[in-house]
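Student: Please take me through one part of this model slowly: the place where its nonpolar side chains gather. I'd like to see how that part fits with the rest of the chain.

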Amino acid sequence: MRAKRSAPRAHRANGFTLIELLTVMTIIAVLLTIAVPRYFNSIDRSKEVTLRQDLNIMRDAIDKYQGDTGALPETLDDLVTKKYLRAIPVDPITESVATWQIVPPTDPKKTGVSDVKSGAPGKALDGSNFQDW
């Protein structure tokens, strides 16, 4: 007995239709509009956290230097030279070591670095100025 042959089918090309491609592209675009702002917001938030941590570390080093020597450091480099810091941290907002703002002591008889602030322009996510931190 011979096998019965079926009628020939129309040959369909392998691939996607234009509608399928447009649907997938629309879904990807919607997902990106949700994800991208959150991504950039998290980057800004992490830079702010790093800036606050760097300021706290440098202020702690200034306090320790003053406690050990009885005087304020003349420059931030003194903190590195005397091994209170391994290196001056990079300001994560300006991405530079040179933008730190040195705050002199309030007593005119003293010299040196009593505090340090960021030289970054602009505002943080909470609305405060970077230079006020």
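**A close look at the nonpolar core**

Tutor: Happy to! Let's start outside: the chain has an accessible surface of about 10300 Å² (Shrake-Rupley method, 1.4 Å probe), and carbon and sulfur atoms account for 58% of that surface. This is a predicted model, where local features need pLDDT of at least 70 and side-chain atom pairs count only at pLDDT 80 or more, while totals for chains, interfaces and linings use all residues. Residues are numbered from 1 along each chain as its sequence is written, and side-chain values use heavy atoms, leaving out hydrogens and water.

Next, the overall layout. From the N terminus, the elements run α-α-β-β (DSSP runs: helices are H or I with at least four residues, strands E with at least two). The radius of gyration, taken over C-alpha atoms, is 30 Å, well over the 14 Å that the globule rule (2.2 Å times the number of residues to the power 0.38) gives for 133 residues, so the chain is more spread out than a compact globule. Buried residues, those under 20% relative accessible area with a 1.4 Å probe, make up 22% of the 133.

Now for your part. The largest nonpolar core (buried Ala, Val, Leu, Ile, Met, Phe, Trp, Tyr and Cys joined through side-chain atoms within 4.5 Å) has 18 residues, and Leu-55, Leu-76, Leu-79 and Trp-100 touch the most other members. Helix 1 (18–69) and helix 2 (76–81) each supply at least two of its residues, with helix 1 giving the most, six.

Zoom in on Leu-79: leaving aside residues up to four places away in sequence, Leu-79 touches Met-58, Ala-61, Ile-62, Tyr-65, Pro-73, Tyr-84 and Leu-85, where touching means heavy atoms within 4.5 Å.

Conventions: Buried < 20%, exposed > 50% of the residue type's maximum accessible area, 1.4 Å probe, protein only.
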